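Colleague: I am new to this structure and should be grateful for a guided introduction. Could you take me through it step by step?

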Amino acid sequence: MSPPTSDPGLADRVARLERDLQLLKNGVRLLGLCPCGNCGKYFQSSDAKALFDAGELVCRACLPEWWEGIEATMSIADRQALEHKLARWLVANYNAKIIRDAKKLPRAEMVTLKMVVACEQCNGTAKTETGAICRNCEGRGTVWVIELRPEFQ
Ligand SMILES: [Zn+2]
Ligand SMILES: [Zn+2]
């Protein structure tokens, strides 16, 4: 059996499809739409809530799963930088809260998203520059980013 590319008609059709697809993608970009790098759905790029810019663009629906997959592959410094950016994005766009005290964590059924991120004050070391316990995270080195269900906000 010969490989499919030896059929010149087929190769032409594939080339034409690829060209059409590229034109379509260009057109979509002109409309101000950008795809999520994970699920491929298109969103208005002017809508700051729609896609998180992590080098690649990720939509809110994909975020928890995508983060779980990528978290372990990054260096600690890269991960912490991205964690802080992500936390700020969730706070700015989804009314997420930074919680520093385990006693103040809301019940699981009230929460749509819960992430543990390195404390921004001590960079996850749990200590201040002078070696004292970091007050921002109470010596844990991490804080929680919590997004509540709309009915609890
Ligand atoms: Zn997505
Ligand atoms: Zn801290």
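The exchange below goes from the whole chain to single residues.

Modeller: This is a predicted model, in which local features need pLDDT of at least 70, side-chain atom pairs count only at pLDDT 80 or more, and totals for chains, interfaces and linings use all residues. Residues are numbered from 1 along each chain as its sequence is written, while chains are lettered from A and ligands numbered from 1 in the order in which they are written.

Colleague: What pattern of helices and strands does the chain follow along the sequence?

Modeller: Helices (H or I, at least four residues) and strands (E, at least two) are DSSP runs, numbered from the N terminus. The chain has 3 helices and 7 strands. Read along the sequence, their pattern is α-β-β-β-β-α-α-β-β-β.

Colleague: What is the radius of gyration of the chain?

Modeller: The C-alpha trace spans about 70 × 35 × 30 Å along its principal axes. The radius of gyration is taken over C-alpha atoms, and the globule rule is 2.2 Å times the number of residues to the power 0.38. For a compact globule of 153 residues the value would be near 15 Å, but the chain has 22 Å.

Colleague: How far apart are the centres of domain 1 and domain 3?

Modeller: Domain bounds come from an automatic or database domain assignment. That assignment gives domain 1 (1–31), domain 2 (35–73) and domain 3 (75–153). Taken over C-alpha atoms, the centres of domain 1 and domain 3 are separated by 46 Å.

Colleague: Which domains each give at least three residues to the largest nonpolar core?

Modeller: A residue is buried if 20 or more other C-beta atoms, placed from the backbone, lie within 10 Å of its own, exposed if 12 or fewer, and partly exposed in between; 15% of the 153 residues count as buried. A nonpolar core is a set of buried Ala, Val, Leu, Ile, Met, Phe, Trp, Tyr and Cys residues joined through C-beta atoms within 7 Å. The largest such core has 21 residues, and those with the most contacts inside it are Leu-51, Phe-52, Val-58, Cys-119 and Val-145. The elements β3, β4, α3, β6 and β7 each give two or more residues to this core, which draws at least three from each of domain 2 (35–73) and domain 3 (75–153).

Colleague: Which residue in the turn between β3 and β4 has a positive phi?

Modeller: Two strands pair if DSSP finds at least two bridges between them. Strands β3 (residues 51–54) and β4 (residues 56–59) run antiparallel and are joined by 4 bridges, with Phe-52 opposite Val-58. They form a hairpin with 1 residue between them, and the turn residue with a positive phi, about 90°, is Gly-55.

Colleague: Why is one side of β5 and of β6 left without a neighbour in the sheet?

Modeller: The open sheet has 3 strands in the order β5-β7-β6, with antiparallel pairing. One side of β5 and one side of β6 lack a neighbour because each stands at an edge with a single partner strand.

Colleague: What angle does the direction of α3 make with that of β6?

Modeller: β6 and β7 pair in the antiparallel sense over 7 bridges, and Leu-113 stands opposite Glu-147 in β7. Axes are lines fitted to C-alpha atoms, for helices over the stretch in contact, and angles run from 0 to 180 degrees between N-to-C directions; residues are in contact if their C-beta atoms, placed from the backbone, lie within 7 Å. α3 packs on the sheet, touching β5, β6 and β7, and its direction makes with that of β6 an angle of about 145°.

Colleague: Is Asn-95 buried or exposed?

Modeller: Asn-95 is found in the loop between α3 (76–94) and β5 (97–99), and its phi is near 60°, a positive value in a residue other than glycine. Because it has 11 C-beta neighbours inside 10 Å, Asn-95 counts as exposed.

Colleague: How far apart in space are Glu-138 and Asp-101?

Modeller: Glu-138 is found in the loop between β6 (111–118) and β7 (142–148). With 14 other C-beta atoms within 10 Å, Glu-138 is partly exposed. Glu-138 and Asp-101 are 37 residues apart in sequence, and their C-alpha to C-alpha distance is 8.0 Å.

How values were computed: Contact = placed C-beta atoms within 7 Å.
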